[in-house]
Amino acid sequence: MERLVIDKYLVSLDTSPDEADTVAQNIANDIEANKTRLIGFIESLGRYLTDEDSGIRVKALSCVAAVLSNLSTNKLSSRQIAMLSEFLMDRLEDEQCLSESAGGLLALSKMRNISTSTVKSIAQAVFAKVDMKNHNQATRYAVYLVIDGLVNGHIAVLQSINEDAVSGFTRLIAGEKDPRNLMIVFSILKIIIENFEIENAKESLFDASFCYFPITFRPPPDDPYGITSDDLKLKLRDCIAASSLFAEYSFPSLIEKLTSSSTNVKRDTILTIIACIDNYGGVVVESHWEKIYNSVKFEVLHEGEEDIPDLVCKLLRTLTATISSNIAPKVIKDSGLDKFLTAAMGECFPQVTNLESRQAKPAAKLLAAISGGSFAAHDAIAETILPGVFSLVESTSAATIAQQKTALEILALFIEASGSLYGWRTGNASEKSRGNGLLIHKDPLFELFCRALVSTPSEEVSFRLLALQGLVKLALLKEFLDMSELGMIAQYLDDVVLSDTNDSLCESALLSLKDLGNVNPDIILNTVFPTFLSQLPDPEIPPIAQSHSPRKHYRIILSSLADLCVNKAVYEILTVRLLNKLALIAKDGQDVAYAQSILTTILLVIQRKTADKEWDMKFFFLSLTPKLISMTFTASVDRDQPQSRIIAHSSIVAVTSAIVNLLVRSVSEEDQIEFAKQICKIYITNEPSTLIQESDRSRIASATQPLDKGFGTEGLVEIFTAAVAGLRRETAFPHPDVLSIASNLIPVALSTRNIPDRLALDRLIALLVNKWLSKDDEDRFVNSAVEELKSRATGSKSMADRASSLELLAWVGKSLIFKGSRRAYETVDLVLQLLCDEYIGKGATKACGILISGDEIVNKSNFVVVRLLAKQQYFGYCVQRIVEGFNSSIDSETKRNHLIGLSNILQHIPGKIVIPHLPSFLPLLLQSLSLSDSHVKLATIETITATLSDASDLISEHISTILPHILDSTADKASNPPKVRVAALNCLAVLPRALPGEVVQPYRTEIIRRLAVALDDSRRAVRKAAVDCRQTYFAMDG
Amino acid sequence: MSEPINANPKILSLEDLPTRSTASRDIFSDASSPKAIFPYSALDDAFPPRPLYEGYSSLLLLGENGLSGDDIDMKMAPELSSGESDVDDDDADFDEHEPIDEQEIYDLISTISDPEHPLTLGQLAVVNKPDIYIISSKDATGRRQKISRVIVEITPTITHCSLATLIGLGIRVRLERCLPPRFRIEIKVKSGTHQSESQVNKQLNDKERVAAACENQQLLGVLSGMLATCK
């Protein structure tokens, strides 16, 4: 063994602990490989181990510990371990080296070959020789680790020295205060309490734990160990609850702590009592129920602070459950439970049955908590208490609404408790459970709640709401109401939804129907749907002949139906019914709005279910898309039929397209491939397609060329755009030559006048360019098609031609900007140039916005490539050029165009991108505030509001210019429509928070004075904003 | 804080407070659709005004008729809307006048919090909608005259409530801040609900005393606490 190595360790221990560790590892490896003998290693250390200088002794021992802990656990023989541990045990008396010798012992205690006697002697040595009081926190921690290792690895050995271990450990930990040490102390204590013979030492062990209760530790801000107060509380709670032998000490001590004025201590105490009740078992707890109950009940009855009453309820429930556990379903006479229930009921009954009393509800809450504890308790309480409540509201019709309300609240508490005990209905047909004790009161309960809901004057909203919620709880109780009763409840709820005028009642009724539907979809199908559908106006029956009662608008009924689609089967049936209805309305040929609402209902459910990814939409994709596409095509071919007017109406096609888009986009690539082929047959190759119903297939194939110039079938393009938008990028476009399709569509788009169709074509071209054009094709497209468009936009003689070319350019430009293509900026340049154009400048201002605006079709959810920095890049590119263009332009019209163009861009750019550029264009922004264009004004004010807090310095500088303009914008005049006025007021309201006080303060009085005008605005929304805004200025300091 | 004067007041549920009915709101901008009572659903956004040109105006350069003539001066084309006020409004009718009514006054003051309970004056039924009166006389032409009176009668939770003046003052300050100056505000204790009714009424409507009270910093602090919960 080289001295040198050891010297190296000793030296590096001070300078670089990592290096020392490596040295120790090397030594260990050498021993492991038998290159060095253990004895040799110790011998070469020998001199240092007994050195006069304690510092050197510490280092030497540290070396031993480090090497030992690096050895594999089966390297040392039992004898070697015994020898080493004897040596280290001797060193325990050397107080300076305690931490190191403990470290060595810890390593040894983990060795596999350690003998029982060695373990025993290590434990005894630690208990006998170590005096913790003289050592710092880290050293004590090392000692606890040794014990922890022994307790966890050799518990049987320690049990053989039971007395020594228990008393030794309690002596060892006396006075421990460090949180990290306490964590380990508590876990060792728990093991000892649970595994050792502690009958004789129970009091000292309990004291050793309970002296820490309640934990008031609060971790320092820079706590290196990350121990929280809750960690300690939980560990300590485990110790106190660990043995039922503690019961005689723990309950009295804990009850004493309940008198604390601190809510935190109370909460901790209650939770600890709950843990004790849980762990000690029924027999032990039974003898303590009275003290516990009497000391906690006031917290419920007198409505204690924060969550304390709820925790006490939990405690009572646990208490009941625990003392009931050994007892049969019925309460046994004279058992602890019997006495407990008698006491609690005796105390609470008079209060529960005095509906005037303020304590009626708290008393019911207490009893309900107990009844939630066990079946026996529940049934006994239900049998005794509930009839008392019934008699109050049944016999005396004189009971006021307030009293009846209290009664319902009380009963609801018991129903809730019953549900938590006996269980709620779930969707799947459940196994038989035991009969609910509430069943004996089923009829009065059901009748009472029904009567309260149905025959109370409708202005008693909160009362009826209570009744409604109670009924639903009854309905959801497992094995309680039968199907006919459920049906009745569903009908009452239907009536509320269909005829009640109060929002919260309707909302609650609808939600409840949904809850019922979730556990029993048949209710929706058999009771709710027929009622709701029959309330929809029927075009074949004249309105007078229909139902007599005033009914709600069909949109409410439809939206309720959409809300009630609790599963796919229900939705499938709804779509069938609604499509039939749609066919009827279409045949009638009158009401487009109604037809659109019907179709929108179908859309709405798909929107929701695809948004939360709840359903696999493939089924609906396969069934609905062909149906809808076929329907639209048939209608557009048979123009003369009455239903065509409806089905091919642009507002209907818009919804149809939205449904097709969502369904296509929700299915997988494989499912899309076949669909893509079929849709191309209809639109591109004009062949018979399976998407069209068979009887019309070939007729439609020969009669329609929807994408040809001049074919002009309105609406059909929109469906194609929606379908193509939904295709994944990976789904290859089903036609090899996307470039020529896109190029050929350009003349079609330019010659289309119908707005929805032109928009659809613009979008379609943008989609093709963005999703499927390769880099080379993109260049070709820009070089030919885009160049052509550009020259038409600048040079065509026809204004309409210039405008439509510019429009299409903007859409192509958008798709390229999104894609991050450099060549997009050739188009941007042109648009910015055109801002100076005398004729088409206004069009260019809009194009500025189109280039970057978000779109409902051309966006990420339709698999469009949208580069992260696209907006930033575009904005950075434009802003400088617009500022320059503005400054160099002479006539006011051109200046105006630049301002409007800028504001059209700003609408689509998030504040944090705008802020860095703000200094350069703020002057422009201020000028646009004085324009009369309300769009520009709105965009400008919103930009200022959004950037206020992040650019407060800059805005503060210009506050004297900005404020008058904004104040002017609050005035009620034609150039300030309500939206502008509200935006201006909201902007003003943000100022005091966003800017430093001394900037706003000088204007405060003036602002308050001027705002008085807006207080008299003709619009309520503006007045509301003015009131709120003015209040912030009144509330300003000073 | 000392023991509250009325420790256990009667409390109304939020559902039972009067609110402005949403019934009058027309939810579909589609002109052909009937006005609908449509209180609680997401369908608002779900039925877009698809066929209307306004929806497309920011996406397209040309309107339906914009392509008809070949030599249109773009400045003349109405669809390009250099227009004065073409920000879409929820209900596009610009002349619609929504006068200040009792519900609006109620909404202004019912959310003031009580000085001794963490509840609002509405919940405590100190302020009740039927006890709010707006009186504005009409002139010969039938038009409402500018000057109007607002009378608010408050109902203290108990008849000896010493905080009635403070509550009344809070309501007065709130209304003075929130109503245009053409309103004359009168705050009264509802007849028969307070022991020293006339005294309180005198205090609440005496300009000098109200002004003096508002100079008192401590009182002002309490008032701003009461008004902080206003919505």
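This tour moves through a predicted model, suggesting what to select at each stop and saying what is found there.

**The whole of chain A**

Begin by selecting chain A in a cartoon view, where the secondary structure comes to 53 helices and 0 strands. If you turn the C-alpha trace along its principal axes, the spans to look for are about 110 × 95 × 75 Å. The radius of gyration of chain A is 41 Å, whereas a compact globule of 1038 residues would have one near 31 Å. Colouring chain A by burial would mark 47% of its 1038 residues as buried. Among the contacts in chain A with a separation of 6 or more, 72% join residues that are 24 or more positions apart.

**Two annotated stretches**

Next select residues 42-302 of chain A, where UniProt, in an unreviewed entry, places the feature "domain: MMS19 N-terminal". This stretch is 71% helix and 0% strand, and 72 Å lie between the C-alpha atoms at its two ends.

Then move to residues 962-1003 of chain A, which the unreviewed UniProt entry labels with the feature "repeat: HEAT". Here the span is 69% helix and 0% strand, with its end C-alpha atoms 12 Å apart.

**A stop at A:Glu52**

Now select A:Glu52, which sits in the loop between helix H3 (38-49) and helix H4 (54-70) of chain A. Is A:Glu52 buried or exposed? A:Glu52 counts as exposed because 7 other C-beta atoms lie within 10 Å, and a residue is placed in that class if the number is 12 or fewer. Keep A:Glu52 selected and add A:Ile557, which is 505 residues away along the chain, and a distance drawn between their C-alpha atoms should read 95 Å.

**Domains and a contact between two of them**

For the following step, colour chain A by its domain assignment, which gives domain 1 (521-615), domain 2 (616-735), domain 3 (778-909) and domain 4 (918-1038). Keep domain 2 of chain A and domain 3 of chain A in view, whose centres, taken over C-alpha atoms, are separated by 31 Å. The contact draws on 6 residues from domain 2 of chain A and 4 residues from domain 3 of chain A. Which helix gives the most to the side of domain 2 of chain A that touches domain 3 of chain A? Select helix H36 (residues 716-726) of chain A, which gives the most to that side, with 3 residues. When the side of domain 2 of chain A that touches domain 3 of chain A is sorted by class, it has 1 nonpolar, 2 polar and 3 charged residues.

**Into the nonpolar core**

Turn now to the largest nonpolar core, which holds 374 residues, and show A:Leu367, A:Ile659 and A:Ile765, the members that touch the most others. Helix H40 (residues 799-819) of chain A gives the most to this core, with 12 residues. Centre the view on A:Ile659 and, leaving aside residues up to four places away in sequence, look for the residues it touches, namely A:Ile602, A:Leu603, A:Ile606, A:Leu624 and A:Leu628.

**Chain B**

Finally, hide chain A and select chain B, whose secondary structure consists of 6 helices and 3 strands. Following chain B from the N terminus on, you meet its elements in the order α-α-β-β-α-β-α-α-α. Of the 231 residues of chain B, 31% count as buried, and residues 24 or more positions apart make up 61% of the contacts in chain B with a separation of 6 or more.

Conventions. Residues are numbered from 1 along each chain as its sequence is written. Chains are lettered from A and ligands numbered from 1 in the order in which they are written. This is a predicted model: local features need pLDDT of at least 70, side-chain atom pairs count only at pLDDT 80 or more; totals for chains, interfaces and linings use all residues. UniProt positions are given in the numbering used here, feature names are shortened, and annotations may be inferred rather than shown by experiment. Helices (H or I, at least four residues) and strands (E, at least two) are DSSP runs, numbered from the N terminus. The radius of gyration is taken over C-alpha atoms; the globule rule is 2.2 Å times the number of residues to the power 0.38. A residue is buried if 20 or more other C-beta atoms lie within 10 Å of its own, exposed if 12 or fewer, and partly exposed in between; C-beta atoms are placed from the backbone. Two residues are in contact if their C-beta atoms, placed from the backbone, lie within 7 Å. Domain bounds come from an automatic or database domain assignment. Ala, Val, Leu, Ile, Met, Phe, Trp, Tyr, Cys and Pro count as nonpolar, Asp, Glu, Lys and Arg as charged, and the others, Gly among them, as polar. A nonpolar core is a set of buried Ala, Val, Leu, Ile, Met, Phe, Trp, Tyr and Cys residues joined through C-beta atoms within 7 Å.
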